[in-house]
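Q: I should like to learn how to read the main features of a protein model. Could we work through one example together?

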Amino acid sequence: MAARRLSSILVSRSLSLSSASASPFLSQGRYSILRRGINRFSTAAVAEEPIAPPVEINYTKLLINGQFVDSASGKTFPTLDPRTGEVIADIAEGDAEDINRAVSAARKAFDEGPWPRMTPYERSRIMLRFADLVEKHNDDIAALETWDNGKPYEQSAKIEIPIVVRLFRYYAGWADKIHGLTVPADGPYHVQTLHEPIGVAGQIIPWNFPLLMFAWKVGPALACGNAIVLKSAEQTPLTALYVAKLFHEAGLPPGVLNVVSGYGPTAGAALASHMDVDKLAFTGSTETGKIVQGLAAQSNLKPVTLELGGKSPFIVCEDADIDEAVEQAHFALFFNQGQCCCAGSRTFVHESVYDEFLEKSKARAMKRIVGDPFKNGVEQGPQIDSEQFEKILRFIRSGNESNATLECGGGRFGSKGYYVQPTVFSNVQDDMLIAQEEIFGPVQSILKFKDLNEVIRRANASKYGLAAGVFTKNINTANTLMRALRVGTVWINCFDVFDAAIPFGGYKMSGTGREKGIYSLQNYLQVKAVVTPLKNPAWL
């Protein structure tokens with residue numbers, strides 16, 4: 001992966017509150033002989049002893065009202081190393097009582113505390129000091145992210161943590177630029193609008209990009225003057241606790257940012273349904289998003305923003321630069337172990353270049369370096385946990401049973417941890433499960449199309465609408481597709497290009513609302529109209 005392409009990456013994805021049933025590994029059964037003939041990968045040796053992460057675990061409790069505290073129940077849960085399945089640390093397990101404590105602290109901080117009453121410039125300065133501290137502790141934070149999540153350390157340290165810093169500096173810049181309008185009215189009235197902080201924001205973040213999603217949600221909420229209760233994913237609680245401590249070192253008042261680690265059905269549900277939470281933001285699966293929105297509606301009808309699942313089309317037209325398209329399609333699908341909501345997971349290729357594209361895509365996948373994410377040069381680490389690992393293998397089995405052609409991969413890699421071989425399917429049809437559902441793993445599905453109208457129809461025939469990629473040299477083709485595709489982001493001759501200022505969100509069942517940029521501020525503000533009579537005005 002070229003650094004120039006990764007330097008602008010900022011991706012998101014999902015936390016599911018439901019559990020999947022176990023399934024036998026695909027290394028067993030009638031496809032094992034086939035795979036022995038095709039699974040030749042350039043890989044790092046997973047059988048080696050895992051590299052010791054260069055960081056200590058210092059924060060495992062809940063952060064409520066500026067203090068690290070045990071859960072009310074005293075219970076803990078283990079967070080696991082996906083390289084081995086072994087316990088990294090035991091984390092305080094928050095539940096409904098802890099959510100109550102955190103919401104009470106946030107409510108007091110908002111109603112009585114200094115944060116919303118500071119000048120916006122002072123809020124900005126605290127956010128900038130926090131960004132400086134994250135930058136100072138870059139390597140430790142990156143090591144925690146990789147240890148807890150399994151993504152390559154080089155990706156965490158050189159790409160994701162610097163982007164977190166950039167995001168908070170971006171939102172710090174917005175803090176003193178949020179203002180209302182003066183509105184002309186029909187009559188002798190002075191009319192103005194006020195943009196006010198919404199109050200206590202509940203935020204639920206996923207496990208695939210834990211700290212990036214922390215930044216996407218916490219940054220705009222704080223810039224607008226709100227208080228926050230954030231629930232981290234139970235798979236990846238470590239970095240949110242670490243950086244929340246840095247926020248208080250930067251001068252954030254107690255109670256403004258509270259972090260509760262715990263499970264979705266307990267802590268997550270309690271936050272979504274809490275009567276004293278004024279707004280809810282969730283990133284995760286579409287299925288869980290429905291539950292979250294329902295709980296919000298059934299309680300106090302709090303507004304909800306949702307960034308949910310995707311099945312993004314990656315369209316390679318007949319005039320595309322094939323070598324570049326192959327590399328970008330590989331990146332679009334396999335980046336972050338395929339655990340991206342906007343992954344280009346339906347690769348549509350024009351029939352005239354299909355065979356060439358397929359052979360080169362297969363070759364690229366077989367060169368992908370899989371191994372310990374702390375090892376230099378590794379492109380792909382383990383999946384997040386056993387549940388996701390087994391889910392991916394079930395989808396691979398479904399592809400085989402649907403008569404898609406398994407070109408490479410198709411099973412687990414190594415004998416320890418949650419590693420999956422980079423997998424490529426050809427001859428994929430629209431009605432196959434692997435072409436319809438979000439796999440969230442390193443499985444590329446390559447489909448064939450004949451003309452533009454056909455690929456538009458097929459690309460849009462999905463319940464999702466998060467993103468799309470288009471590869472063409474024809475500006476007319478690009479213009480046609482960018483308007484026809486029912487998605488929130490269209491990348492033309494590129495993919496996964498993100499920036500703090502670029503809005504991100506989906507159509508259809510990929511969610512509601514937008515993250516990042518000026519649009520994200522709207523999620524955390526109320527608009528109030530103020531009307532005052534004018535006596536003998538000089539002008540109207």
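The dialogue below takes up overall form, a sheet, cavities and single residues in turn.

Q: What kind of model is this, and how many helices and strands are there in the protein?

A: The model is predicted. The protein contains 17 helices and 22 strands.

Q: How does one judge whether the protein is as compact as a globular protein of its length?

A: One sets the radius of gyration beside the value that the globule rule gives for that number of residues. Here the radius of gyration is 24 Å, close to the 24 Å that the rule gives for 540 residues, so the protein is as compact as a globular protein of that length. The C-alpha trace spans about 85 × 55 × 40 Å along the principal axes. Buried residues account for 59% of the 540 residues.

Q: What holds the strands of a sheet together?

A: The strands of a sheet pair through backbone hydrogen bonds, and the pairing may be parallel or antiparallel. In this protein, an open sheet of 7 strands shows mixed pairing. Its strands follow the order β14-β15-β16-β13-β12-β18-β19.

Q: Which strands stand at the edges of this sheet, and what follows from that position?

A: The edges are formed by β14 (405–408) and β19 (489–492). Each has a single partner strand, so one side of each is left without a neighbour in the sheet. From one strand to the next, the twist averages 25 degrees.

Q: How do β12 and β18 run relative to each other, parallel or antiparallel?

A: Strand β12 (residues 313–316) and strand β18 (residues 467–471) run parallel and are joined by 3 bridges. Within this pair, Ile-315 stands opposite Val-470 in β18.

Q: How many cavities of 30 Å³ or more does a search of the whole structure find?

A: A cavity is a space where a probe fits but cannot get out. The search finds 4 cavities of 30 Å³ or more. The largest holds about 60 Å³ of space. Its lining consists of 13 residues, and the closest to its centre are Gly-338, Ala-343, Ser-345, Ile-439 and Phe-440. By class, this lining has 7 nonpolar, 4 polar and 2 charged residues.

Q: What lines the second largest cavity?

A: The second largest cavity holds about 40 Å³ and is lined by 13 residues. Nearest its centre lie Pro-313, Arg-346, Tyr-464, Gly-465 and Val-487. The elements that give two or more residues to its lining are α15 (452–460) and β17 (464–465). The lining residues divide into 6 nonpolar, 3 polar and 4 charged.

Q: Is Phe-130 buried or exposed, and where does it lie?

A: A residue counts as buried when its relative accessible area is under 20%. Phe-130, in helix α4 (residues 120–136), has a relative accessible area of 0% and is therefore buried. Phe-130 and His-248 are 118 residues apart in sequence, yet 8.3 Å apart in space, C-alpha to C-alpha.

Q: Which residue other than glycine has a positive phi near 55 degrees, and where is it placed?

A: One is Asp-496, with phi near 55 degrees, in the loop between β19 and β20. Asn-493 also has a positive phi, of about 55 degrees, although it is not a glycine. Asn-493 is found in the loop between β19 and β20 (507–508). As for accessibility, Asp-496 is buried at 0% relative accessible area, whereas Asn-493 is partly exposed at 37%.

Definitions and conventions. Residues are numbered from 1 along each chain as its sequence is written. This is a predicted model: local features need pLDDT of at least 70, side-chain atom pairs count only at pLDDT 80 or more; totals for chains, interfaces and linings use all residues. Side-chain values use heavy atoms; hydrogens and water are left out. Two strands pair if DSSP finds at least two bridges between them. Helices (H or I, at least four residues) and strands (E, at least two) are DSSP runs, numbered from the N terminus. Axes are lines fitted to C-alpha atoms, for helices over the stretch in contact, and angles run from 0 to 180 degrees between N-to-C directions. On a 1 Å grid over the protein atoms alone, a cavity is a set of points where a 1.4 Å probe fits but cannot get out, and a pocket is an open set with protein on both sides within 12 Å along at least five of seven lines; lining residues have an atom within 4 Å of a point. Grid points are joined across faces, edges and corners, and a volume is the space filled by probe spheres set on the points. Ala, Val, Leu, Ile, Met, Phe, Trp, Tyr, Cys and Pro count as nonpolar, Asp, Glu, Lys and Arg as charged, and the others, Gly among them, as polar. The radius of gyration is taken over C-alpha atoms; the globule rule is 2.2 Å times the number of residues to the power 0.38. Buried means under 20% relative accessible area, exposed over 50%, partly exposed in between (1.4 Å probe, protein chains only).
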